[in-house]
Structures are given as structure tokens and as C-alpha cells.
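Trainee: Could you take me through one part of this model in detail? I would like a close look at the largest nonpolar core.

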Amino acid sequence: MSDFRFYAELNDFLPLPRRGRSFTHAVAPHESLKHAIESLGVPHTEVGLVLLDGVPVGLQHRPLGDGGRVAVYPAWQTLGPVPAVGLADVPPRRFIADAHLGRLARYLRFAGYDTLYRNDWPDAELAALARAEDRTVLTRDRDLLMHRDVVHGCYLRAIEPLEQLRELVARLRLDARAPRASRCLLCNTPLAPAAKEAVADRLLPRTLADFDEFWRCPDCERVYWRGLHWQRLRAALGKPAGGGA
């Protein structure tokens with residue numbers, strides 16, 4: 001038996017009787033800290049630091065031994081100069097979003113972040129792709145974050161997409177202000193500048209009269225310009241990003 005204590009928002013994953021207090025938990029001799037922590041309902045991607053009897057250890061550490069004291073801190077926090085020994089590196093700023101995060105994926109693409117999204121991905125396929133391409137999994141499904149192929153991930157507590165973006169910006173210190181040209185909102189491909197005359201046949205006369213700069217997706221051929229829709233997205237992203245115009 002070992003004593004476990006989870007801190008701050010990691011308590012959200014625990015049943016009420018175990019929140020904010022120490023409790024004992026049986027750990028098999030061959031069991032790693034990662035397995036023990038996830039068996040308690042906390043995804044390893046949300047863990048930033050583990051102390052075993054006051055000493056930083058990695059998630060693959062084993063065995064714990066009877067009477068060990070395990071303190072688990074979230075990835076959002078730092079604890080002075082103590083290093084997060086053996087834990088995952090800072091999540092890459094390349095993302096893959098699960099089926100319920102379509103609008104968040106669009107916001108991230110608009111801000112220029114490489115974000116894969118499909119609304120029919122099986123968990124195993126999504127996790128395998130995330131590992132193969134070194135992407136951070138974005139989800140509200142903690143079981144997905146415990147998949148063996150998930151190395152980096154972020155559990156999003158917010159339900160509203162802009163609040164989810166606020167969470168992600170704070171956690172990964174993203175700059176969510178839209179660049180001059182970003183990614184295609186539909187297929188994630190980086191946009192390329194397009195001459196006005198090259199896209200004129202795909203635009204309404206009013207758009208041609210009011211705008212001179214255009215971008216086109218090299219894959220799906222969708223054309224973009226800095227119209228009202230762009231301005232609304234830009235304003236929306238400016239709020240959680242804390243950025244100006």
C-alpha cells in the first residue's frame with residue numbers, strides 16, 4: 001500500500017472522497033507510477049511532477065514499495081526549481097482534435113496552428129496518428145488520453161470553444177492572434193497568396209470591388225480574404241489570446 005495525494009485541478013479526476021487529501025492505494029510490485037496514477041482516473045498527460053517520498057521521479061518508476069508517499073502535481077503548475085524528472089516534454093504545438101472539438105480546431109487553424117480534425121476518427125486511429133506525427137491530442141475524453149499511443153495531450157475542461165481556446169493558450173502559452181495568412185479552415189493546409197485576377201471568377205462583384213488581397217488553399221482551392229468573417233474570427237481570437245488588433 002502507498003499513500004497518494006493529488007494537487008490542484010488533478011482532483012477533478014478523482015471521486016469526491018479522495019479529493020484534496022491523502023489516501024492509500026494498493027500498487028502491484030511490477031506496476032509503474034503511470035499505471036498506478038491512471039488506474040486512479042488521472043491521465044498521465046495531465047501530470048507535470050511526481051514526488052516519491054519527496055524525491056522527483058518519472059512516470060515509469062517502479063516499484064513503489066509499501067509505505068511510499070506519492071505526491072502528484074498538474075502539468076499547469078511549477079514547483080519552484082524542482083525538475084519534472086522523466087515526465088513528458090512540453091507538448092508539441094501541433095494538434096489533433098477529437099470529434100467534439102471541431103470549432104476549436106477551426107480557431108487553431110485560423111491562428112496558424114497545424115491542427116488535424118475529423119469527426120469520425122476511432123480513438124485507436126487518432127492516437128496512433130498523434131504518436132506517428134508527434135501531435136498533442138486535444139480532448140474532453142480522459143480515456144482517450146490514457147491510450148497507450150498518446151504521448152502528449154491536453155484535457156479541456158471548458159465546453160464552449162472559445163473558453164477551450166483560452167485554456168489551451170494559458171497552458172501552452174500559445175499566441176492565438178491570427179497571422180496575416182493562416183491555414184485553411186476546412187483542410188488545415190497552409191494558405192498561399194493568390195493574385196486577384198487568378199481568383200476573380202470565384203468571387204462576387206462586391207468582394208472584388210472591396211478587397212485586393214486574397215489567399216487560396218493549394219489543396220481544396222477555397223479562397224479567403226479579410227472580410228467580415230475574418231474580422232469576426234480575428235476579434236474572437238483576440239480575447240482569449242490577450243492580444244490586440
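Mentor: Here is the core, followed by its setting in the chain. The model is predicted, so local features need pLDDT of at least 70, side-chain atom pairs count only at pLDDT 80 or more, and totals for chains, interfaces and linings use all residues. Residues are numbered from 1 along each chain as its sequence is written, and side-chain values use heavy atoms, with hydrogens and water left out.

A nonpolar core is a set of buried Ala, Val, Leu, Ile, Met, Phe, Trp, Tyr and Cys residues joined through side-chain atoms within 4.5 Å. Buried means under 20% relative accessible area, with a 1.4 Å probe and protein chains only. The largest core holds 31 residues. Phe 4, Phe 6, Ile 37 and Val 50 touch the most other members.

Several elements give two or more residues to this core. The strands are S1 (2-6), S3 (47-52) and S5 (69-74). The helices are H1 (33-39), H3 (123-132) and H4 (142-145). Helices (H or I, at least four residues) and strands (E, at least two) are DSSP runs, numbered from the N terminus.

Take Phe 4. Leaving aside residues up to four places away in sequence, Phe 4 touches Arg 21, Ser 22, Phe 23, His 25, Val 27, Ala 36, Ile 37, Leu 40, Leu 64 and Val 70. Contact means heavy atoms within 4.5 Å.

A second, separate core has 28 residues, including Leu 104, Ala 176, Leu 185 and Leu 191. Leu 104 is also one of the buried residues of helix H2. In H2 (residues 102-110), seven of nine residues are buried.

Across the chain, 47% of the 245 residues count as buried.

Methods: Buried < 20%, exposed > 50% of the residue type's maximum accessible area, 1.4 Å probe, protein only.
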